[in-house]
Amino acid sequence: MSDVNKIDKAREYIESLANGLNPLTGEELFETVFDEPEIIRCLFFVRDILQSYKAAPVKTKSDTFEIDKESDLSKYILDRPSSLTTFIKNIKYSNKGLGPSANKIWDWLVEKGYLYVCTDNEGKNTKMPTDDGKKCGISYVEREGTNGKPYCAVVYDRNGQKLLLECIRELYSK
């Protein structure tokens with residue numbers, strides 16, 4: 001159960017108790033501590049806190065990652081073709097663990113027409129380079145997973161990595 005679902009469930013239980021109901025059965029609670037006005041007010045207060053906690057966005061390290069518009073990002077370009085995750089790890093290594101989100105970058109690449117989403121042989125969604133993506137230095141290679149099964153990995157040569165930096169600049173410039 002996700003944290004958001006746990007918060008929803010806790011809020012529902014608290015609200016039921018504040019309304020004098022057993023949260024598991026829905027039956028009315030007679031002559032219990034939950035009949036006390038101070039307890040009822042406290043329960044509604046906790047319910048409201050849980051509701052506001054759920055509504056507050058959770059910040060991740062990628063949310064706090066920013067770059068200066070004038071930063072020289074070329075230091076992040078690797079001399080060999082690289083996967084996006086390796087490219088991001090390189091950035092994080094130089095930034096005390098802070099780096100861009102792979103999902104945001106993939107979404108940007110799909111939106112701009114450099115990648116497309118397709119379904120592999122096992123029914124899983126995967127990303128592949130479009131013709132425009134290939135022209136910009138994005139390709140794919142077949143690799144073997146730790147489970148021994150082959151898979152296609154999208155890799156970025158130096159030009160592809162420059163495209164990634166363009167994306168990062170657009171998404172994360174302050």
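The second largest pocket in this predicted model holds about 150 Å³ of space. Its lining is made by Thr64, Phe65, Glu66, Ile67, Ser71, Asp72, Leu73, Lys75, Tyr76, Asn95 and Leu98. Sort those lining residues by character and you get five nonpolar, three polar and three charged.

Now for the largest pocket, which has a volume of about 750 Å³. It is lined by 22 residues, and the ones closest to its centre are Asp120, Thr126, Tyr151, Cys152 and Ala153. Where does the lining of the largest pocket come from? Helix 4, strand 2 (125–129), strand 3 (138–144) and strand 4 (150–156) each put in at least two residues. Strand 4 gives the largest share, with six residues. By character, the lining of the largest pocket splits into nine nonpolar, six polar and seven charged residues.

Here are the two pockets together:

| Pocket | Volume | Lining residues by character |
|---|---|---|
| Largest pocket | about 750 Å³ | nine nonpolar, six polar, seven charged |
| Second largest pocket | about 150 Å³ | five nonpolar, three polar, three charged |

Helix 4 turns up again in the helix packing. Helix 4 (residues 84–94) and helix 7 (residues 158–172) have axes that come within 12 Å and cross at roughly 60 degrees. With that angle, helix 4 is oblique to helix 7. As for handedness, the crossing of helix 4 and helix 7 is right-handed. On the helix 4 side, the contact is made by Leu84, Phe87 and Ile91, while helix 7 brings Gln161, Leu164, Leu165 and Ile168. What kinds of residues make up the contact of helix 4 with helix 7? Six are nonpolar, one is polar and none is charged.

Helix 7 has another partner, helix 5 (residues 102–111), and these two pack at an angle of about 110 degrees with their axes 10 Å apart. That angle makes helix 5 roughly perpendicular to helix 7. From helix 5, the residues involved are Lys104, Ile105, Trp108 and Leu109, and they meet Leu163, Leu164, Glu166, Cys167, Ile168, Glu170, Leu171 and Tyr172 of helix 7. In the contact of helix 5 with helix 7, the count is nine nonpolar, no polar and three charged residues.

Put the two helix contacts side by side and Leu164 and Ile168 of helix 7 appear in the one with helix 4 and also in the one with helix 5.

How values were computed. Residues numbered from 1 in each chain as written. Predicted model: local features only at pLDDT ≥ 70, side-chain atom pairs only at ≥ 80, totals over all residues. Heavy atoms only, no water. Axes fitted to C-alpha atoms, helices over the stretch in contact; angles between N-to-C directions. Helix = DSSP H or I, 4+ residues; strand = E, 2+ residues; numbered from the N terminus. Parallel < 35°, antiparallel > 145°, perpendicular 65-115°, else oblique. Left-handed = near helix turned anticlockwise from the far one by under 90°. Contact = heavy atoms within 4.5 Å. Nonpolar A, V, L, I, M, F, W, Y, C, P; charged D, E, K, R; others polar. 1 Å grid on protein atoms, 1.4 Å probe; cavity = no way out; pocket = protein on both sides within 12 Å on 5 of 7 lines; lining within 4 Å. Points joined across faces, edges and corners; volume = space filled by probe spheres on them.
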